[in-house]
Each structure stands twice: as C-alpha cells, then as structure tokens.
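Q: I'd like to go through this model together and ask how each label is earned. Could you take me from the values to the conclusions?

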Amino acid sequence: MAEQFVGKASEFKDGERQIIRIGEAEIGVFRHAGEFYAYSNFCLHQGGPACEGLTIARVEERLRPDKTSMGLFFSEKDMNFVCPWHGYEYDMKTGAHISDPRLKLRKYDVVQKGDEVYVVA
Amino acid sequence: MSSPERAKSGAKPGLKPAPKAAKAKAAPAKAVAKSAPAPARAAKAAGGAGRTAPADKAAFLKAMAKGVAPNSAASRKLVEKKGSPFAPAPAAQAPRVEVLRRIPAPPVVVNTPESDAALQLAAAIERMLETGDMGKLQPHAQQALVASLCKLYAANQEAGERYAILGGRTLVAATDVMVVCGALLKAVDLQVFELGMWQSWSAG
Ligand code: FES
C-alpha cells in the first residue's frame, strides 16, 4: 500500500468526484463538506459503477414525541451516493449500504498533505 | 606446439600455468566469463587466427580472472540479456493513477431576494403541515399562490427555460400530485383526454 497522488485539493471542488484507476482498482474519490472519501467503484450488488450515480441526502422519517409520523424529509447532515444501475445506496462517510450496513464498499484512506491529496492503495 | 594446439589445450606461451588455488579462485569468474560473449569471442577470434600478441592474451586472461568489469561493453550486454544474473531486479512498479472521469459538483444556486422570500414562505407552509395548522394559509391565498406559480412556470417553459417542476430535494407523494393535477384540470374545465391530446400534438 502506497500513497498515490490524486490531485490538488484546491482544484477539487466541494461536491465534485473523480473516478480514478490505480493498478487494477477503480476508485471513486469524493469531496463532501470539505472532507475526502474514497471507495471502490464496484457495486456490491452486481458490480455496477457504484460511485457514479446520484449523490442525495438521506431520507429520514421524522416523528412527533407521540411517535406519529411527520412525514419524510431529506437529512440536513447525512449524504448518500446511489449506484446508477439498480439503486444500491451507500453512506458517504462509511461506504456502508443504507439498509444493510454489513455490506460495505471497500474504503481507501485519503491523506491530505498541504494542498495535495493522496489515496492509499 | 602449434598455435591451434595451444588454443585447444589452453596453454599460453610465455606464461606459467596458474597455481591450482588460483585456478580454483578464478573458477566462478570463468563461469561468468562463459556467458560473456564479447571478450571471449574477441579473444577466440584473435587466438584462433594465431596472431594474438602476448600482451593481448595477458589482458584476456586478466579479464577472465577478474570477471566482467562493471560498466564495460560486456557487462552492458549482460545486463541487457534477459534472465541474466547481471540484469537488475525488476523494480517494484508503482501503480500509476489514471483519472477516468471527473464528475462535477451540482451547480451552486444563487438566490435573489424574491427567491429567498419564496423559500421562506415554502418553509412556513412545511411547518404548518408538520404542526397540522393547515388552515393558517387561507384558500384565497393558496389560490393566488398556485395561479401565479402556474403562470410563471408555463412562461418559463415557453421562453425555453426548461427545468423540472419539483426539485431533487422535494418529497411530494404521487397521490398529492394526482390530487393537484386533477384539481387544476377541473379548475380550467379540461378533461384528461384533452390533456392527452394536447400532449400528443405538442412536445409538452
Ligand atoms: S449493480 Fe449497483 S445496484 Fe445493482
């Protein structure tokens, strides 16, 4: 495992993504809310391009104190990304599948050194 | 002894045979020299012709004893040779990063004061729905709002400003949409088949 230079943080806008290849691995590098995340671009369902679909806020149901539903809302803080093939949805911060967190995309560490961004792969 | 015979037996004129220990020492060097084609070939050619000066032969022997000198033509040849023990160990190849695609961030929305006011009103309506105060926004106000939004959206479409009527971060149930669409059609005395006809004649 070595640090592979991916690009400059100043050229990587918030909300932007890059799909990169390092050796055999295809990796999606996200910048979300100032943080970098990198995951394998192979969906756990059928190998679709997991990191290339929609990024969408998590849908959550809000409940009143008596547990009656106030309806569905988009989360203010949690973001997901969705595989474009059949809609497997993964947590941006962990790469875990939303409905079954035991399923996790392979996560790669991202190291930022000054303005330079490296993926450990 | 004739020259060809000397070449065969390996005896060198004017040189004492090397002592046994020295010979043993030189053995690995010989093994190396065996695969060193350039000096060996040159020497063989020279020796074979019988025209080699003793000095050349001495140089040849020295080279044989020393093995292949680094940075010599012979060593370079050996390095090039595939599978040669002189070839450098293949360096662990650092995987290169290849950017396959860049997916840009969604466009940033810049609000106007009017948009801000509309968003505040929308948030207030959402709060009313949450708390169940549905009567707070009275029907005449709702009618004015729906009418002006209908006209604004249609005018934008006409002007070529195409965008979805509901944003990505809106959760409107399909039932709500059917209720509102039905009510709008009824309000302007249109039947669903008329809507269908209009859609099939136009790009709407
Ligand atoms: S391959 Fe990703 S959801 Fe099916």
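Q: Which residues are linked in a network of salt bridges?

A: Happy to start there, with the reminder that this is a predicted model. The network links A:R21, A:E26 and A:E52 with B:E98 and B:R101.

Q: What makes the contact of B:E98 and A:R21 a salt bridge?

A: The N to O separation of their side chains is 3.3 Å. The cut-off is 4 Å between a side-chain nitrogen of Lys or Arg and a carboxyl oxygen of Asp or Glu, so the pair qualifies. Across the interface of chain A and chain B, three salt bridges are found, and over all chains the structure holds 11.

Q: Why is the pair A:R62 and A:E60 called a salt bridge, and how exposed are the two residues?

A: Their N to O distance is 3.8 Å, and the limit is 4 Å, so the name applies. A:R62 has a relative accessible area of 26%, and A:E60 also has 26%. Partly exposed covers the range between 20% and 50%, so that is the term for both.

Q: A:D78 and A:K77 also form a salt bridge; how do you know which of them is buried or exposed?

A: The closest N and O atoms of this pair are 3.6 Å apart. A:D78 has a relative accessible area of 18%, and buried means under 20%, so A:D78 is buried. A:K77 is at 60%, and exposed means over 50%, so A:K77 is exposed.

Q: What are the values for B:K136 and B:D133?

A: Here the closest N and O atoms are 3.8 Å apart, in a salt bridge. B:K136 has 60% relative accessibility, over the 50% mark, and therefore counts as exposed. B:D133, at 32%, falls between 20% and 50%, so B:D133 is partly exposed.

Q: What makes β2(A) and β3(A) a pair of strands?

A: DSSP has to find at least two bridges, and six join β2(A) (residues 17-22) to β3(A), so they pair, running antiparallel. One of the matches is A:I22 with A:A25. The strands form a hairpin with two residues between them, and A:G23 in the turn has a positive phi of about 60°.

Q: How do you know that β3(A) also pairs with β4(A)?

A: Six bridges join β3(A) to β4(A) (residues 35-40), again meeting the requirement of at least two, so this antiparallel match is a pairing too. A:F30 stands opposite A:Y37. In this hairpin, which has two residues between the strands, A:A33 takes a positive phi near 50°.

Q: Why is β3(A) called mostly covered?

A: Seven of the eight residues in β3(A) (residues 25-32) are buried.

Q: How do you know that the length of helix α4 of chain B fits a helix?

A: α4(B) has 13 residues (54-66), which at 1.5 Å a residue should span 18 Å; the end C-alpha atoms are 18 Å apart, so the two values agree. Just after this helix, B:G67 takes a positive phi of about 90°.

Q: What area do chain A and chain B bury between them, and which residues of chain A supply it?

A: The chains bury about 1,900 Å², 54% of it on carbon and sulfur atoms. A:I19, A:R21 and A:F74 supply 28% of the area that chain A buries against chain B, more than any other three residues. In the contact count, 24 residues of chain A meet 18 of chain B.

How values were computed: Residues numbered from 1 in each chain as written. Chains lettered and ligands numbered in written order. Predicted model: local features only at pLDDT ≥ 70, side-chain atom pairs only at ≥ 80, totals over all residues. Heavy atoms only, no water. Helix = DSSP H or I, 4+ residues; strand = E, 2+ residues; numbered from the N terminus. Expected span 1.5 Å × (residues − 1). Buried < 20%, exposed > 50% of the residue type's maximum accessible area, 1.4 Å probe, protein only. Contact = heavy atoms within 4.5 Å. Buried area = accessible area lost by both parts, 1.4 Å probe.
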